[in-house]
2 protein chains.
Amino acid sequence: MHKQHKKERFEEFRKICREHGLNVTPQRIAVYEALSGSKNHPSAEEIFRRLVSNFPELSIDTVYRTLNTFAHIGLIRIVGGYGEVRRYDPDTQPHHHFRCLKCSRIVDFESPEFSRLKVPDVLQRKCRITGVKVVFEGLCEECLSR
Amino acid sequence: MHKQHKKERFEEFRKICREHGLNVTPQRIAVYEALSGSKNHPSAEEIFRRLVSNFPELSIDTVYRTLNTFAHIGLIRIVGGYGEVRRYDPDTQPHHHFRCLKCSRIVDFESPEFSRLKVPDVLQRKCRITGVKVVFEGLCEECLSR
DNA sequence: TCCTGTATAAGAATTATTCTTAAAAAAGAA
DNA sequence: TTCTTTTTTAAGAATAATTCTTATACAGGA
């Protein structure tokens, strides 16, 4: 991804849009370029601010809509806050989660093995690590049977 | 946690509150009981709805405040949507994250090993798993040096 | 070029969460 | 107990993120 040249990335982008029946608009190009050129997992607001000076008629709603569309077709991913409501877990013991991509259900499971994953060197050197969690994602039983 | 009896759990709860200089109020007891008796990682709103019929003067603000307090002292955990703004990642290749608990910075790292974690049987049987991510949490370089 | 469906801007609306403030409750001291 | 101080709460206003509505503009195909 970061290795590609701008040109190639653009062609790839255009192709993926076409495959999903999406028009290739200046707004979509701008949002995709802004995101794929950034390393810090920006929010919609940050992307909007980065673009609006060169693209004054761009609206924040379009940025949200565009990013959602991209995430929907798998062109980008959502990380961090999922824009969902905050949820709470009474279990403070180390444990891990499965999260249903469709209904957002969260299922706990225990795995001493996962709780003992080795911290990668690159993190170990710079950060103080206080915990690790493994999140499997997919479709839950209920959503599968529909 | 779920193994304990109500009584023991309550004594433990009271003890932890005291240790952190928190008064043990009916609201706090109610919110903690509601959360620790639930298996589905409820939102503040859900907890509020569960309680308000027996506790009509309870306010939603108190539920939020109480849950935040509990999370702060480590009595419960926040899962799922972190209540933070949604953020986007242009990298759709399997990779993993470190997340700073203080400034919410997200740092990518790659680990083919983590991307190949074996799906636990309990999930394998019921769900369709489409991905896995490992999230390390702690304090980042910048936040450590303050 | 024109046509048709798709995408957009603008701003209103919605929703989750936090803040403000005055009152109530709890803890501590006398 | 009663008085004082500190903490907590309820109520509702405020804020911030995200989505919706609608009329207009644009993209891609014929």
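A salt bridge is a side-chain nitrogen of Lys or Arg within 4 Å of a carboxyl oxygen of Asp or Glu. Keep that in mind as we walk through this predicted model, beginning where chain A meets chain B. The side chains of Lys133(A) and Glu137(B) come together in just such a bridge, with 3.5 Å from N to O. Between chain A and chain B the count is 2 salt bridges. Polar contacts can be counted too: 30 residue pairs, both at pLDDT 80 or more, make them between chain A and chain B.

Which element gives the most to the side of chain A that touches chain B? It is strand S5 of chain A, residues 128-139, with 12 residues. Sorted by class, that side of chain A has 34 nonpolar, 18 polar and 13 charged residues.

Strand S5 of chain A also has a partner across the contact. S5(A) pairs with strand S5 of chain B, residues 128-139, in the antiparallel sense over 11 bridges. To find your place along this pairing, look for Arg128(A), which stands opposite Leu139(B) in S5(B).

Now step back to the contact as a whole. Chain A brings 65 residues to it, and chain B brings 65 residues as well. About 6,200 Å² is buried between the two chains, and carbon and sulfur atoms give 61% of that area. In chain A, the residues that lose the most area to chain B are His41(A), Arg77(A) and Tyr88(A), which together make up 14% of what that side buries.

Next, let us turn to the DNA. Around DNA strand D there are 20 residues, and those that come nearest are Asp61(A), Tyr64(A), Thr25(B), Arg28(B) and Thr62(B). What part of the DNA do the protein atoms meet? Of the atoms of DNA strand D that come within 4 Å of the protein, 79% belong to sugar and phosphate.

Some individual approaches to the phosphates are worth finding. In the side chain of Tyr64(A), an N or O atom is 2.3 Å from a phosphate oxygen of DNA strand D. Val24(A) uses its backbone instead, with an N or O atom 3.3 Å from a phosphate oxygen of the strand. From chain B, a polar backbone atom of Ser59(B) is 3.4 Å from a phosphate oxygen of DNA strand D. The elements giving two or more residues to the surface near this strand are helix H4 (60-72) of chain A, along with helix H2 (26-36) and helix H4 (60-72) of chain B. By class, the residues of that surface divide into 6 nonpolar, 7 polar and 7 charged.

How values were computed
Residues numbered from 1 in each chain as written. Chains lettered and ligands numbered in written order. Predicted model: local features only at pLDDT ≥ 70, side-chain atom pairs only at ≥ 80, totals over all residues. Heavy atoms only, no water. Contact = heavy atoms within 4.5 Å. Buried area = accessible area lost by both parts, 1.4 Å probe. Polar contact = N/O pair within 3.5 Å; in protein donor to acceptor, adjacent residues only side chain to side chain. Helix = DSSP H or I, 4+ residues; strand = E, 2+ residues; numbered from the N terminus. Nonpolar A, V, L, I, M, F, W, Y, C, P; charged D, E, K, R; others polar. Pairing = 2+ DSSP bridges. Near = heavy atom within 4 Å.
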